[in-house]
Amino acid sequence: MRLENKVAIVTGATSGMGRATAVLFAREGAKVVVVGRNEKRAKEVVDQIKAEGKEAIYVLGDAADLAFCDEIVNKTVEAYGTVDILINNAGMLSMSSLQNVTIEEWDKVFRVNVDSALKLCQLVAPIMKAKGKGVIVNVASVASFAAHHGFAPYISSKHAMAGLSKSMAWELGPEIRVNAIAPGLIHTAMVDSIGGPAVLQGMIDNCPVKRCGQPDELPGVLRGSRVFY
Ligand SMILES: NC(=O)c1ccc[n+]([C@@H]2O[C@H](COP(=O)([O-])OP(=O)(O)OC[C@H]3O[C@@H](n4cnc5c(N)ncnc54)[C@H](OP(=O)(O)O)[C@@H]3O)[C@@H](O)[C@H]2O)c1
């Protein structure tokens with residue numbers, strides 16, 4: 001119960017790594033705010049947490065709409081009085097190349113993957129600073145440090161997420177600890193959206209360890225880190 005009485009916002013918690021993180025945080029005693037767009041899956045996550053005797057609510061909306069970030073923080077404070085932990089995990093993939101991507105798609109990817117993390121950080125930082133303590137984790141990617149053919153908007157947004165995380169760490173510390181996590185290939189809905197089993201096998205073949213990680217490996221990393229107080 002290392003997060004007893006802590007309040008954690010987890011964006012993109014209706015699926016994949018965010019969902020696994022929300023469930024683990026609740027098991028560790030946190031009151032969890034599950035953020036996503038899909039109501040059925042959001043309810044499933046909250047029901048699972050409550051069935052284990054723990055606390056959670058969900059807040060639904062599109063991270064591309066930055067006014068939604070205000071709603072997330074307002075509803076969190078309304079329900080639980082404060083924010084101790086923010087996990088900026090929501091993310092969207094774009095497989096467009098530089099030649100094909102439209103400015104609208106480029107903007108949307110940056111809105112969801114980067115701008116919403118910045119906006120949420122701006123909203124929770126004063127709350128955490130006033131308490132003298134807080135934790136923010138940004139989910140970056142191996143795509144924050146390397147590129148390959150295609151996926152230009154996604155790769156660019158994840159590079160931006162790495163830079164944003166470093167700036168946040170400098171500007172918000174020492175009271176607020178900011179870290180980024182850069183997962184490799186993890187078997188989630190996002191990866192399945194790239195292609196079928198043959199495409200997945202190709203990606204696995206490209207991994208040094210020749211296997212795909214599972215979503216609950218992200219909270220495993222968080223558990224071993226100082227994200228826990
Ligand atoms: N899987 C990988 O190999 C991998 C590797 C490195 C980094 N990552 C990063 O890890 C994070 C989690 O991804 P995942 O692999 O766990 O994918 P996932 O299972 O597809 O989950 C993505 C989550 O983001 C939410 N989301 C997407 N677009 C949104 C939007 N416009 N507004 C609000 N929420 C939105 C989804 O919510 P709804 O479904 O409810 O809309 C969902 O909860 C992402 O930032 C991703 O870039 C993934």
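These legends walk through several close-up views of a predicted model.

**View 1. The open sheet of six parallel strands.** Let us begin with the sheet. Six strands line up in the order β3-β2-β1-β4-β5-β6, and their pairing is parallel. The sheet is open, with β3 (residues 56–60) and β6 as its edge strands, each pairing on one side only. From one strand to the next, the twist averages 15 degrees. As a general guide for looking at such a view, side chains in a regular strand alternate between the two faces of the sheet.

**View 2. One edge of the sheet, where β2 meets β3.** Strand β2 (residues 31–36) runs parallel to β3, and five bridges join the two. Which residue of β3 is the bridge partner of Val-32? It is Ala-56. Another bridge links Gly-36 with Leu-60 of β3. Together, β2, α2 and β3 make up a β-α-β unit that is right-handed. Helix α2 (residues 39–51) packs on the sheet and touches both β2 and β3. The direction of α2 makes about 170 degrees with that of β3.

**View 3. The other edge of the sheet, where β5 meets β6.** Here strand β5 (residues 134–139) pairs with strand β6 (residues 176–181) in the parallel sense, over six bridges. To find your place, look for Val-137, which stands opposite Asn-179 in β6. How does the chain get from β5 to β6, and which helix does it pass through? It crosses through helix α5 (residues 152–172), and this β-α-β crossover is right-handed.

**View 4. Helix α1 on the sheet and beside α2.** Helix α1 (residues 16–27) lies across five strands: β1 (7–11), β2, β3, β4 (85–88) and β5. Relative to β1, α1 runs at about 170 degrees. Helices α1 and α2 also pack against each other, at an angle of about 20 degrees and with their axes 10 Å apart. That angle makes α1 roughly parallel to α2. The crossing of α1 past α2 is right-handed. On the α1 side, the residues that meet α2 are Arg-19, Ala-22, Val-23 and Ala-26, and their counterparts in α2 are Val-45, Gln-48 and Ile-49. Sorted by class, this contact has five nonpolar residues, one polar and one charged.

**View 5. Helices α3 and α4 at an oblique angle.** The axes of helix α3 (residues 67–80) and helix α4 (residues 103–131) come within 9 Å and cross at roughly 40 degrees. Are the two helices parallel or oblique to each other? They are oblique, because an angle of this kind falls outside the range under 35 degrees that counts as roughly parallel. As α3 passes α4, the crossing is right-handed. From α3, the residues taking part are Cys-69, Asp-70, Ile-72 and Val-73; from α4, they are Ser-116, Lys-119, Leu-120, Leu-123 and Val-124. The contact of α3 with α4 has six nonpolar residues, one polar and two charged.

**View 6. Helices α4 and α5 side by side.** Now follow α4 to its contact with α5. The two helices pack at an angle of about 15 degrees, with their axes 9 Å apart. They are therefore roughly parallel to each other. Once again the term for the crossing is right-handed, this time for α4 passing α5. Among the α4 residues that meet α5 are Trp-106, Phe-110, Val-114, Leu-118 and Cys-121. The α5 side includes Tyr-154, Met-161, Leu-164, Met-168 and Leu-172. How many nonpolar residues does the contact of α4 with α5 have? It has 15, along with two polar and two charged residues.

**View 7. Two backbone details to look for.** Some general background helps here: most residues other than glycine have a negative phi, and most peptide bonds are trans. Where is the residue Asn-5 to be found? It sits in the segment before β1. The phi of Asn-5 is near 70 degrees, a positive value in a residue other than glycine. The other detail is in the loop between α5 and β6, the place of Pro-174. The peptide bond from Gly-173 to Pro-174 is cis, and its omega is near 0 degrees.

Terms used: Residues are numbered from 1 along each chain as its sequence is written. This is a predicted model: local features need pLDDT of at least 70, side-chain atom pairs count only at pLDDT 80 or more; totals for chains, interfaces and linings use all residues. Two strands pair if DSSP finds at least two bridges between them. Helices (H or I, at least four residues) and strands (E, at least two) are DSSP runs, numbered from the N terminus. A crossover is right-handed if, with the strands pointing away from the viewer, the path from the first strand over the helix to the second runs clockwise. Axes are lines fitted to C-alpha atoms, for helices over the stretch in contact, and angles run from 0 to 180 degrees between N-to-C directions. Angles under 35 degrees count as roughly parallel, over 145 as roughly antiparallel, 65 to 115 as roughly perpendicular and the rest as oblique. A crossing is left-handed if the near helix is turned anticlockwise from the far one by less than a right angle, and right-handed if clockwise. Two residues are in contact if their C-beta atoms, placed from the backbone, lie within 7 Å. Ala, Val, Leu, Ile, Met, Phe, Trp, Tyr, Cys and Pro count as nonpolar, Asp, Glu, Lys and Arg as charged, and the others, Gly among them, as polar.
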